[in-house]
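User: Could you walk me through reading some surface and backbone features? I would like the general idea and then the case at hand.

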Amino acid sequence: MDNQRLITWGLFAFLAFMTWQAWNQDYGPQPAPPATETQAPDPTLGGGDLPGLSADDSDTLPAIQPADGSQAMPVETSEAEAPAARVVTVRTDVMELHIDTRGGALVYAEMLRYPVTKDRPEKVVLLSTAPNDTGVIRSWLRARDGAAPDAEAVYTAPRDQYELGDADELIVPLSWTSGDGLVVEKRFVLRRGQYAIALEQHVTNNAETAWAGDQVTQLIRRALEPDRSMFDPDTYSFDGPLVFDGEKAEKLDLDDLADGDPEKYTGRNGNTTDDGWVASIQHHFLSAVIPAEGSTNVYTVRLASGHTTASVISAPETIEPGGSAVFERTLFVGPKLQDQLAAIHPRLDLSVDYGLLTLLSAPMFWLLSWIHGFVGNWGWAIILVTLIIKLAFYKLTAASGRSMAKMREIQPRMKALQDRYKDDRQALSQAMMDLYKREKINPAAGCLPILIQMPFFLAFYWVLIESVEMRQAPFALWINDLSSKDPYFILPLIMGAAMLFQQKLNPAPPDPVQARVMQIMPVMFTVFFAFFPSGLVLYWVTNTLLSIAQQWRINKVVHAEALARKAGRQKKNRKGAEDTE
């Protein structure tokens, strides 16, 4: 009984704290809004103009050392007059990109299928040169000695606008030529329905000497320190850099980078990492740089001037005179659609952060997706998954339900014991334990269903707030976004009413204080769930209704069994009386 009381009070305290946090999030002091709104990119802004960044970043990136051990030579650029930089606009069926010909950097990315909110036409912007929301992906080549297009090199673009149209693939070429015969063509390859961008740097060495160099790719993002609340997923979800070093993924908080020194990731051979990637997470969305499979790279992440810079540096490569080579990268800028992430890299799905309950959340999302493929509605998928979970634990919860039903049947006898021993709590406790033992009742069994449901509840919570597939997904009637709270609070009220009815099917706790807590709990749950995603409330309502149906059936069966036993005892007593006569 003490354990049951402890669990009840602990759950009540948890609900009270979460409700207070929700109230404070909505009505407490709010952080000041950004000074400016997100802007379209400035066509004149090159990669080197970003705050705290230079074209070389020599303090972050390891220098290329010549084979003879001498010092690396400075990078040379073409002596010919550089053309004026401009922005190339690229539009596919899923996004609009802007490419600055200065450095060939991605300076703007707008998600055409993802509005910021359902009632606003503005689309989500992941890359931008706006001061308050900077996001840029830039790439360049470094040479051991000789020419190479650095981050400030101006490329030539044959057109200012590209559109996918009815084609399945779109190639955007940029070219750069040095005075000594090095020709570089940087290609961005985009495909229909895809948020992955293939980056290919084709290098042709027409010089008379060998060319040696590597490629650098940087993901630059504004650094935020959000005021997190689990009732506002946009602020609670991790926002910042993520690195996968080939073995494990690590999220880097601003505190991890506060000292200004870059974080360097090394792999099994001591100075490189294999099959890794760097990324920047923005709740449902992701910007990432993924090297070619099997390549060797070094990864560094640093914080400077309010921006995080994640760099990927490839191993040096030598191109003989008359030869050519291709430096490859995959860039991902878009929603964290798990099927697309898995197709790019087998561990890129680690960017979908389910937290400590990944072992439950990941298979739950897979099951939801599989069912959604048949029903075509995420709300119905949630209902069916809830039914499957209920069936999976049916026998376990049925055993608990039978104990609760038996407790309900012996309520009159418990009341009699309470009246008899009202002045002796120790004797009352002993008498009740003896009664439970005779009737084979576990008084703590009522807590078992809650304890079983809580991990699935929390796992479901993370699936709903982290899976972009369910972002702004409609269900039916007034529920037009399963990832946000019920706008009219109808579903939480239905849930509260269902919980009150469920309590009527269970015996009242013998402890008066505990009984009052249980009476308040449906109200607390209603307030608590009013701030949760409606998809989560739908899960809990469905689970509660199924539990009501199960407990009602169990109560009916146990009551019939009790009546049968009573009739049997009466018959036995009558027979004994007749035999005595």
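User: In which strand does E250 lie?

Analyst: Happy to help! This is a predicted model, where local features need pLDDT of at least 70, side-chain atom pairs count only at pLDDT 80 or more, and totals for chains, interfaces and linings use all residues. Residues are numbered from 1 along each chain as its sequence is written, and side-chain values use heavy atoms, with hydrogens and water left out. E250 lies in strand β12, residues 249-251; strands are DSSP runs of E with at least two residues, helices are runs of H or I with at least four, and both are numbered from the N terminus.

User: Is E250 buried or exposed, or in between?

Analyst: Buried means under 20% relative accessible area, exposed over 50%, and partly exposed in between (1.4 Å probe, protein chains only). With 31%, E250 is partly exposed.

User: How should I read phi, and what is phi of H283?

Analyst: Most residues other than glycine have a negative phi. Phi of H283, however, is near 55°, a positive value. H283 sits in the loop between β15 (277-282) and β16 (285-291) and is buried, at 7% relative accessible area.

User: Where is L477 found, and is L477 buried or exposed?

Analyst: Look in the loop between α9 (448-466) and α10 (490-505) for L477. L477 is exposed, with a relative accessible area of 78%, and its phi is also positive, near 55°.

User: Which helix holds L384?

Analyst: L384 belongs to helix α5, and its 33% relative accessibility makes L384 partly exposed.
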